[in-house]
Structures are given as structure tokens and as C-alpha cells.
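Student: Could you take me through this model and show me how each label is earned?

Tutor: Gladly, let's look at it together.

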Amino acid sequence: MNWRVLVTARAFWVSGQPARDYLEAAGCEVVYTPIAGPLEESYLIEQLQGFDAIIGSSDPYNARVFASCPQLKVVSRCGVGIDSVDVGAATEVGIVVTNTPGAMTESVGDYTFALLLGITRRIHEGDVLMRQGGWGEYPGVGVSGKTIGLVGCGQIGQAVAKRAAGFSMRILAYDPQVAERGLPSGMPDIEFTDLDTVLSESDFVSLHAPNVPETKNMFNRERFAKMKPSAYFINTARGALVDETALIEALENGTIAGAATDVYQQEPLPADHPLRKAPRTLLTPHNAFNSAEAAQAMSVQSAENTLIALRGERPAGLVNTAVLGSPQLRLGK
């Protein structure tokens, strides 16, 4: 069949030529949107007309979009996060939802540790000074032998733990589900404990929890107050997990020593957002996933998920397994 596939994911645009070739060789027509996602809802609906599948950014895939795009059969996220997808609504109308778990794990692990080193050794401040023609000293703090606390210890948290072990760090973690099922073989020693202990004993707190209703704004004034005044906060998970007003206050009041974050409540972060002026921060524009290798792996996996689903088979990255047995399933219609 000649399926039409729309692409909003920038990573696919940049690194997805092999994935595009794969889809086109199978008879798919692949179209890129005029601008990369995330797209606004009304524009997404306009662009999606007449397409069978979308390889998407973190665009808003909700009931209104699904009702307005009756030909849509597959939402294939080019990434692991599905918080922008109303999975229940997709399942109800028979749309298959997929993602690409594991494709960006090592990339985000690298980037998390880069942020940790960057904020503690103030590397970004030295770079700005040098480019301005200056010269000076930026006293930082050491990392080796300190304690890192992982809030969330799934694949990415575990990747960070492996890097921390190379710095001879004590590794604490809060993740009841992983603690119960156990870690894979070859992992360094990780002490699973309660969240308060992680916050109070860690020199660096690194956030890797999923964006679900229970974790929204989990880092608030109370949680920041439980951290050491000398501790640093790193977030490469999702912006929704952090009360940004509370984070700014913690930085301005010296409640914590500093913060490095790659994700925000609103993205792109508004130009006048007060977080941009907060002291002792290192801010990057949601790029932790963005290595060439990870982007290509995400693109290939999202393309494979799309084609396999369109063929009526079960893709490896299937999120809503219940949809396959639904009488509303749009595949084949």
C-alpha cells in the first residue's frame, strides 16, 4: 500500500535520511512539515490531513487531533517521552502509539554528567569570559568521591550511575519500582533509599523520573529545602517535574548551590523567563538526547515502528498494547 507519513521531528529531519530511505523503499510517501515540531494543535491538525501516520516531535496528540484526522492510524514518537500523547484517547479511537525506548539512553547519560561537571566547575562562565576578552579564576567544587542522588533509576538513571562510578562516587537512588525488581547485571553499587534521604545526603541530585501526574512539580520548595546548601540540582528529565518558581527562589536564597537544566515547563523557554536570569545556573535548550548516534537510532526506530504498525504487525516500541484488540483499530480501514 502507498501510505503517507508526515514528519514533525527535527531529529528525523537532521539524521533520518536512512530511515526515510527505508520507508520510501517500502512504498511510503514521506513528507516533512514546513516547520519542525513541537507544533501548535491547530497547525498540527491542518498539516495532518490525509496522512496515515506521523513521526512526531512532542506535538499535542489529543482527542481533538484524533477526531479531526480520521485517516491517522499511527503516532510514532521519535523519542521516548509520550507525555504529549493522550494514550487513552488514542486507544479509544484505535490509533497505535509507539516510542523509541533505549535509543537515547547513553546520549542523555553523557549529557547529564556533562551538565554536572559544567555547573560545578563553572566551565560555561569561563567560556563567556574568554570570548569577551577577559581572564580570571572561577573556583568550583570537585566531583570525585562525592555523593550523587538519582531520583528515578530507569535506563537513563542507570547510565548516569555507571558514569558516576567512574568518579568513585557514592550512588543513592530513589525508585521504588526498580528497587523492587532489581538492577541488571554489571551495574555499580547503588543504595536504594527513600526520597528524603536522597535529598539530604546527596551533593548532586539528578532527576530522571517520568512525567506522570504523581510527579508533576515534585521538586517544590519543600523538596529543595531538604537538599544541602552545597548541593547541585540537575534535570534532564522533564520540566513539568519542577516548580520553576521554587527553583529560582532556592537559587536566589542560597537554599542550593546551583542548578543545571535542559528541560522546562514551557518549551521553548520564553525569552523573558526569570529562570534565564537566575544565579548559579547552567541552561541548555532540551538537547540532552541530541547526539548524532542517538538521533539516527531514534529516527530508524521510529520509522521501523511506523512501517511495522502500518503493516498490521506489532512494533517493538508499542505503547498502547490494548489497541491491537480494539474493534476501533484504524489499521486496515
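What follows is a conversation about a predicted model.

Student: How do you know that the length of helix α6 fits its number of residues?

Tutor: Helix α6 covers residues 105–121, which is 17 residues. At 1.5 Å a residue it should span 24 Å, and its end C-alpha atoms are 24 Å apart, so the two agree.

Student: What makes α6 largely enclosed by the rest of the structure?

Tutor: A residue is buried when its relative accessible area is under 20%. In α6, 12 of the 17 residues are buried, so the helix counts as largely enclosed. Among them are Val 108, Tyr 111, Phe 113, Leu 115, Leu 116 and Ile 119. Polar side chains are on the list too, including Thr 105, Ser 107, Thr 112 and Thr 120.

Student: Why is α6 called oblique to α8?

Tutor: Helix α8 is residues 155–165, and α6 packs against it at an angle of about 50°, with the axes 8 Å apart. Roughly parallel needs an angle under 35 degrees, and roughly perpendicular starts at 65. The angle falls between those limits, so α6 is oblique to α8. The crossing is right-handed.

Student: Which residues make the contact between α6 and α8?

Tutor: From α6 they are Thr 105, Glu 106, Val 108, Gly 109, Asp 110, Thr 112 and Phe 113. From α8 they are Gln 155, Ile 156, Ala 159, Val 160, Arg 163 and Ala 164.

Student: What is notable about the phi of Arg 122?

Tutor: Most residues other than glycine have a negative phi. Arg 122 is not a glycine, yet its phi is positive, about 60°. Arg 122 comes just after α6, in the loop between α6 and α7 (123–131).

Student: Why is Arg 122 called partly exposed?

Tutor: The label covers values between 20% and 50%. Arg 122 has 25% relative accessibility, so it counts as partly exposed. Asn 217, at 27%, is partly exposed for the matching reason. Asn 217 also has a positive phi, near 55°, and lies in the loop between β9 (204–207) and α11 (221–225).

Student: What makes a peptide bond here count as cis, and where is one found?

Tutor: The bond from Gly 37 to Pro 38 is cis, with omega near 5°. Pro 38 sits in the loop between β2 (29–32) and α3 (41–48). Glu 267 and Pro 268 are also joined by a cis bond, with omega about -5°. Pro 268 is in the loop between β11 (258–261) and β12 (281–283). Most peptide bonds are trans.

Student: How many residues are in the largest nonpolar core, and which have the most contacts inside it?

Tutor: The core has 54 residues, and those with the most contacts inside it are Phe 12, Leu 23, Val 96, Ile 148, Leu 150 and Phe 204. Its largest share, 7 residues, comes from helix α13 (residues 292–310). Leu 23 shows the link to that helix: its partners include Ala 303 and Leu 307, which are both buried residues of α13. Leu 23 also touches Val 5, Phe 12, Cys 28, Val 30 and Ile 55.

Student: How do you know that α13 has the span expected of it?

Tutor: Its 19 residues should span 27 Å, and the end C-alpha atoms are 27 Å apart, so α13 agrees with expectation. After α13 comes Gly 312, with a positive phi near 85°.

How values were computed
Residues are numbered from 1 along each chain as its sequence is written. This is a predicted model: local features need pLDDT of at least 70, side-chain atom pairs count only at pLDDT 80 or more; totals for chains, interfaces and linings use all residues. Side-chain values use heavy atoms; hydrogens and water are left out. Helices (H or I, at least four residues) and strands (E, at least two) are DSSP runs, numbered from the N terminus. The expected span of a helix is 1.5 Å times one less than its number of residues. Buried means under 20% relative accessible area, exposed over 50%, partly exposed in between (1.4 Å probe, protein chains only). A nonpolar core is a set of buried Ala, Val, Leu, Ile, Met, Phe, Trp, Tyr and Cys residues joined through side-chain atoms within 4.5 Å. Contact means heavy atoms within 4.5 Å. Axes are lines fitted to C-alpha atoms, for helices over the stretch in contact, and angles run from 0 to 180 degrees between N-to-C directions. Angles under 35 degrees count as roughly parallel, over 145 as roughly antiparallel, 65 to 115 as roughly perpendicular and the rest as oblique. A crossing is left-handed if the near helix is turned anticlockwise from the far one by less than a right angle, and right-handed if clockwise. Lists of a residue's contacts leave out its neighbours within four places in sequence.
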